[in-house]
Amino acid sequence: MAEKILMKGNEAIAISAIRNGADGYFGYPITPQSEVMETLMKEKPWETTGMVVLQAESETSSINMVYGGACTGKKVMTSSSSPGISLMCEGLSYLAGSELPCLIVNVMRGGPGLGTIQPSQSDYNQCVKGGGHGDYHSIVLAPASAQDMYDFVDWGFDLAFKWRTPVIILADGIIGQMMEKVELREMKPRRTKEELIAAAPWATTGKTPDRDYNFITSLALESDFQEAFNLKLKDKYQKIEQEEVKYSEYMTEDAEYLFVAFGCSSRICEATVDELRAQGIKVGLLRPITLFPFPTGRIAELSKQVKSMMSIELNMGQMVEDVRLACNGACPVGFYGRLGGNIYTPNEIEEAFKKFNNLK
Amino acid sequence: MNIEDIKKPENIIYKKTPILTDTVMHYCPGCSHGTVHKLVAEVIEEMGIQQDVIGISPVGCSVFAYNYLKIDWQQAAHGRAPALATATKRLNPEKYVFTYQGDGDLASIGTAEIIHACSRGENIVVIFINNGIYGMTGGQMAPTTLLGMKTATTPYGRDAKLNGFPLVLAPMIAQLDGTAFITRQAVHTAPAARKAKAAIRKAFEYSQKGIGLSFVEIVATCNSGWKMSPVAANKWMVENMFPKYPLGDIKDVLKAE
Amino acid sequence: MKEEIIIAGFGGQGVLSMGKILAYSAIMQDMEVTWMPSYGPEMRGGTANVSVILSDKKIGSPIVTKYDTAIVLNQQSLDKFEASVKPGGLLIYDPSGITREPERKDITVCRIDAIEVAAKVGNSKVYNMAVLGGYLKMKPVVAMENVDKGLAKSIPARYSDLIALNKAAIEEGMKAIEVL
């Protein structure tokens, strides 16, 4: 039986990175995710798997270290929280523009500005809609447990290399700081030199006589060249939308009302669904596990089944726009949120639900 | 006489290094970049390290360095080349990793990255082209622009009160424990170019010794930006740039021992 | 079985680690757990609290407002959480930190003088284990053999000589708790 450990979501990210053959981590301390780098430094993976761990001088530098490492075809990652992610957005745009695989963990806190250190989901737009300049997407995964944090590292790296794109694990302070049982999956070794070249023939591994030299850049200068590249990216994003959407459903089969919530909010909504069901109100929950690609198709289907939907988010209403687009007017879409690091209780969501739907 | 009769091995006295591509360089006539590219390419050829070298090009005129040298290249965001080089070297310690950066890239927007790469003692080579001006964007003031020097953003000459003083980076980073070899060279004459090439080779050799960062500053001309002929630019550099940025080795940890 | 617990007191009383050892013990019994440290303004003023949920089934919301058990080790925590205990639930307090006794009549109220227990065991640092012992006496949600395993998992190897001391404190705490 696999070993089960009590750990924080942040610790799970670090342990999973080591156990899933990550080659490098580059980061800068920021609450509420500092345990990621602290755990890595404590574990000293450079002595076991050979993984490189480095504390950079800034988030700007961390993301550019990730860029450099990704150029060489290595499995590299960073983690930060909202203000740090803002600094990383320049690098994120370059990574997308150079089609480089990497993993970025954002344990969100309240903003704008320095904000609070408590849980929030207010970087939905920043991470799902791009963040940096230019037309691009990152694949965005929304974990809802410490086990998800562990599992999404490996899944994230797989997606990053499959699609040559940055992948963001968009967590929040609850998922990062809460301890839960985590099952350690079988260890994956780091890739050998040969495996790396097979998986990333484009990488800057040193020009060998059997191939032309590789260069990685996001500079185009010529409009036609840039447009062709943008269209290539667009095509890639469409394929990702066709192939990689992931969500889970809770009591949606006969649902007359629907909650849509991601991350920690989906856990809290589950309790609200239980309570409302106990009162005889047929409510269900859809939890998007991938935020880009968004489960637009399934939400559109459900919009024809239910009387209304509500998006529940720890922000001012960001994902709700995507829910509304998916529904395209087929049913009313409401929103309830808390801000600044405050967390709603299941009862609070129940009250908001009843108010929106004129139910007692 | 037929041209093919002349092109015999015994008649060849100079050959372009095969590390250079056949792409025609976009640099202005008289620009120092072409010479420095050639020197780097020759060092790579002579050391036989084409398979083991990874270059990182900046934002600036030399952004297109990857078009001219047949080695694997990464093109960094403005100023961030030392961060890329840090990760590249740490993840691939057997490789020779170098950045090629101009003064705007390295000494302005990328100050944090270069200073911390030096401070951490990254085993990389940094080639720093200092011509006191932003070439690619049209000749604006750089951190290394001399006082009184006219640029697009200092049309009346750099004024310390308005624009601050020139940033002299090499002696600053020489104080850091993580740097191994710091030198300032030029390529305006054949002897100078030979010395610069020897310095570049030394920097590459040092980068594999695990003793820290090696930094080769090339005081260079930008005759277009300076609005001078190539010959006049060389003269102006000798008379004005060299007093502020004197040539020679600034630090060599192996020599000191 | 689902048990929702809030443990609250001053920083330094070992509130977080008590919750962690309880949670780890439950994992050793193959239960699901969540351990959520206090987040937000309640952190201020030097109080610390952690909510722990133990369950046979997958745990949905880690955020709860009503608890099966509240363990309160200072007055602020009693004031804050007495009303949050579910009717029929359990409240454990340490009289040494309290100036006002609990008032609820619809719940079971217990007291444990854990400072005294820790003194008896001979180390003030095991104060929190004495409280844990009292709790486990009232609600044996995890078997002692699993508590042993939980302790071994939670205590760093370099302090493994302290496991016996912690266990002794748990056992003494079980004896010391009184139902009011």
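Chain B and chain C stay out of contact in this predicted model, and their nearest C-alpha atoms sit 31 Å apart. Two pairs of chains are in contact, and chains A and B share the most contacts of the two.

That A–B contact draws 32 residues from chain A and 29 residues from chain B. On the side of chain A that touches chain B, the elements giving two or more residues are β2 (24-27), β3 (52-55), α3 (59-71), α4 (82-97) and β9 (215-216). The top contributor is α3(A), with eight residues. Sorted by class, this side of chain A comes out as 13 nonpolar, 14 polar and five charged residues.

Strand pairing also crosses from chain A to chain B. Here β9(A) is joined by two bridges to β2 (residues 72-75) of chain B, and the two strands run parallel. Within β2(B), Gln74 of chain B (B:Gln74) is the residue that stands opposite A:Ile216.

Turning to the interior, nonpolar side chains in soluble globular proteins tend to be buried together. In this model the largest nonpolar core holds 246 residues, and B:Ile127, B:Ile218 and C:Ala130 are the ones with the most contacts inside it. Domain 1 (3-243) and domain 2 (247-357) of chain A each give residues to this core, so it lies between them.

A closer look at B:Ile218 shows what surrounds one of those core residues. With neighbours within four places in sequence set aside, B:Ile218 is in contact with B:Ser32 and B:Val36, with the run B:Ile127, B:Phe128, B:Ile129 and B:Asn130, with B:Gln185, B:Ala186 and B:Val187, and with B:Ala196. B:Ile127 thus turns up twice, both as a contact of B:Ile218 and among the residues with the most contacts inside the core.

As for chain C, its secondary structure adds up to six helices and seven strands. Followed along the sequence, they come in the order β-α-β-β-β-α-β-β-α-α-α-α-β. The radius of gyration of chain C is 15 Å, close to the 16 Å that the globule rule gives for 180 residues, so chain C is as compact as a globular protein of that length. Its C-alpha trace spans about 40 × 40 × 30 Å along the principal axes. Of the 180 residues in chain C, 49% count as buried. Contacts across the sequence are plentiful enough to put a number on: taking those in chain C between residues at least 6 apart, 61% join residues at least 24 apart.

Definitions and conventions: Residues are numbered from 1 along each chain as its sequence is written. Chains are lettered from A and ligands numbered from 1 in the order in which they are written. This is a predicted model: local features need pLDDT of at least 70, side-chain atom pairs count only at pLDDT 80 or more; totals for chains, interfaces and linings use all residues. Two residues are in contact if their C-beta atoms, placed from the backbone, lie within 7 Å. Helices (H or I, at least four residues) and strands (E, at least two) are DSSP runs, numbered from the N terminus. Ala, Val, Leu, Ile, Met, Phe, Trp, Tyr, Cys and Pro count as nonpolar, Asp, Glu, Lys and Arg as charged, and the others, Gly among them, as polar. Two strands pair if DSSP finds at least two bridges between them. A nonpolar core is a set of buried Ala, Val, Leu, Ile, Met, Phe, Trp, Tyr and Cys residues joined through C-beta atoms within 7 Å. A residue is buried if 20 or more other C-beta atoms lie within 10 Å of its own, exposed if 12 or fewer, and partly exposed in between; C-beta atoms are placed from the backbone. Domain bounds come from an automatic or database domain assignment. The radius of gyration is taken over C-alpha atoms; the globule rule is 2.2 Å times the number of residues to the power 0.38.
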